[in-house]
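Dear colleague,

I am passing on the structure we spoke about, with some notes on what I found when going through it. Please have it open beside this message as you read.

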Amino acid sequence: MGKSMKSPVVNKAMELLRQLRQITEGQDDVTAKLNKIIMMIVQQTDADAGACYLVVDDCYLELFAAYGYPEDLSHKISFRIGQGIIGIVAQNQCSLALSDVSKHPAYSPMPEIKEDEYRTFIGVPLIRWNRTIGVIALQNKKKHTYSPADKEILETISMVLSEIVASDEMSAYKESLIRERGQTGRERYKGLSLSKGYGMGCAVVHRRRQAVTKLFADDKEKELRKLENAHKKMNADLDEKFNTTKIGIGEHVDILDAYRMFAQDKGWYKKIADNVQSGLTAEAAAERAYEDMWNRLSGTNDAYLKERLHDLRDITDRLLGYLSGDNKTSASVDSDDIIVVAMSMGPADLMDYDYKKIRGLIIEDGTPTMHVAIVAKALGIPVVAKIKGIFNDIKTGELLAIDGNEGYVYNKPSVQIQEKIKAKIAEKEKLQAKLAELRKLPSKTKDGTKINLFINVGLLFDLDYIETTNCEGIGLYRTEIPFMSSDQMPDVNKQMEYYKELMDRSGNKKVVFRSLDVGSDKLLPYWSNAGEDNPAIGWRSIRITLDRRAILRKQMRAFLRAAAGKELNVMFPMIANYAEFIEAKETLLLELEKEKRRGSPTPKKVNVGLMIEVPSVIFQLDAILKQADFISIGTNDLAQFIFASDRGNPRLTERYDVLSAPFLKVMQEIITKATKAGVYCSVCGEMAGNPIEALALIGLGYRNLSMSGSAFGKVKSMVRSLNIVDIEDYVKTLMKSNKKTLRPQLISYANDHGIEIY
Ligand code: PEP
Ligand code: MG
């Protein structure tokens, strides 16, 4: 096609791109290039002024370049993402053209640049890897209408500009700015966000299971002195703490006394000293003393001795802290706001702290679906993980700020950062209050379709969400948590107590119990995994409980007794084929028969279901649906197996998206078959708790979603702002796309249709 054949719009776009290329290929530094580009855009369009804002500190947009305004305010103006019209463009990742900007509810003109003299506005986000990295904005003094073609040209320019903004040179420049402002690189860490939210507080370094790296001593005498000093200091500190703390009376006093006696035990000290004499460092000697004791006592059934073993582990860890010179422990931090920093952590470890005081959790070795992260998320605690070296860098007592939305941790944050984080916390509290108001309103779409929303429960405090959310019930009860947090396998009665408490607290609401799902990332303290190469596809979950049938039978008995006189719903995780499901189902039905024969009271109805997590089962769905009363989709595991992508590997988290055709097609297949067979179907993986993903699920036909209690309000708010007919059509069309992710399209759709996705 000859040049003359092109439309004026195309010619204009090509001219702009030509000039853009000239500037980008020039010799100027990155800031000069940015200024030239903004000047060129203003001159080549009909605008009177223009500006480029870039994201710094991940929650702020700062003016980096401007042209046409009466004063140069580069680096002097900033907005929070979501604040003002510029902030809204960044947050929604959507261009915005306003012929009269003063009519917009977020309008707040900047007097410094006489912004009230400008009427028309167009803002376009700069996006890279689905994240906003900046905004370009143009303004006109006279009323002017930007056409869709103008918008398109600016969006094309923004793509090129995004490359410059994301360049190494610009990143280095931004880092240098941050450093100049007193926030050095070392004090700011980038990690992987595992749970969103903001927090500030005193660091508490979680020292359990501290690794001993130096095994052999160079100088025995020196090592013995080190041991003696650490032991003395530890006991002196313990004495002082126990003497000055008002601990009242009760069982905990006996426990503390026993703990203190243990710490002073001469036999234990001698054992460590002997180990040092044999050539070990004091640290390795203490660890060896623990291992010896563990080898002797771990097989015992004596609960008292087991408890002592638990104490010894704690005291060994405490002593290791003193030996390493960092003897401040969580107890020595006198603050109502703490941020726990751990190398790794189990869900039970979180219970060592008063969770109401935890403002954030940093886990150096954390992975997205590790259970401590799921528990923290349920408690609304922001979590950031995968920051190499942070565990050793941070000292207990230091002030930390955490940005769980973008995965940043600030050590000794500047006043500026502190203010930003405080503002974010206040904003979140306001949102929470708004979501709480939804409690009494029905979970219905705008066009009247009921969407049943349930909560996932792991720990008993999750049960508070039954009342605060007013949910339909518990769509997934992860029974392994009580198994993981006690130090021996709970017997039928103990299990029954847990399950009964759960049923009682739920009143008449539906409860779905999942049979024990351990292995892979969920290890039991008393049951080490056999060092498998691929634990996620190894001996785990239903594979263990079918092989160790007594465990499964006992759990079924506990379920049946806890639900006597009520409806019992039991589902089996990780079922890979029809035969496995039938085997598990028969185990439950056999226990039911036995209970009846014993004359014990039984549930008035028993529903048996399975989780859809292993792809093979989808190919036998027709047969399985004839045998199952319900199915529930565990999208965390299903996605990991569909994409062959380890759910715990942070390198892969952004590679595959459940919001893409392959996964959505699988989800469509399942709901279509279940609906046809008339079998109840729900989703209980993390996908159901993310508003934009839940939107796609509803579009596919899902009407039952179960999520963590903390996600409930956001999903309900999305449901109530949605028209179901439109989204069903849209998702069907979208699934024809071969894009790597359909997330941006769904976000734009939600923004354009007023669907609330916080
Ligand atoms: C899942 O796999 O989606 C699920 C709900 O189970 P869990 O996360 O406990 O493995
Ligand atoms: Mg699972």
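In helix α3, which spans residues 84–92, the buried residues are Gly-84, Ile-85, Ile-86, Gly-87, Val-89 and Ala-90. Please keep in mind throughout that this is a predicted model. Those buried residues of α3 pack against six strands, namely β1 (49–56), β2 (60–67), β3 (78–80), β4 (96–98), β5 (120–128) and β6 (131–140). After α3 comes Gln-93, whose phi is positive, near 55 degrees.

You may want to look next at the metal site, where the magnesium ion (ligand 2) is coordinated by Glu-613 through OE and by Asp-637 through OD, at 2.0 to 2.1 Å. This pair links distant parts of the chain, since Glu-613 lies in the loop between β19 (605–612) and α21 (621–627), whereas Asp-637 belongs to helix α22 (residues 635–642), 24 residues apart. Glu-613 has a relative accessibility of 2% and therefore counts as buried, the cut-off being under 20%; Asp-637, also at 2%, counts as buried as well.

Finally, there is a helix pair to examine: α24 (residues 691–700) and α26 (residues 724–734) pack with their axes 8 Å apart and at an angle of about 90 degrees, so the two are roughly perpendicular to each other. On the α24 side the contact is made by Leu-695, Ala-696, Ile-698, Gly-699 and Leu-700, and on the α26 side by Ile-724, Ile-727, Glu-728 and Val-731. Sorted by class, this contact of α24 with α26 has seven nonpolar residues, one polar and one charged.

With best wishes

Notes. Residues numbered from 1 in each chain as written. Chains lettered and ligands numbered in written order. Predicted model: local features only at pLDDT ≥ 70, side-chain atom pairs only at ≥ 80, totals over all residues. Heavy atoms only, no water. Axes fitted to C-alpha atoms, helices over the stretch in contact; angles between N-to-C directions. Helix = DSSP H or I, 4+ residues; strand = E, 2+ residues; numbered from the N terminus. Parallel < 35°, antiparallel > 145°, perpendicular 65-115°, else oblique. Contact = heavy atoms within 4.5 Å. Nonpolar A, V, L, I, M, F, W, Y, C, P; charged D, E, K, R; others polar. Donors = N, O, S within 2.8 Å, 3.2 Å for Na, K, Ca; no water. Buried < 20%, exposed > 50% of the residue type's maximum accessible area, 1.4 Å probe, protein only.
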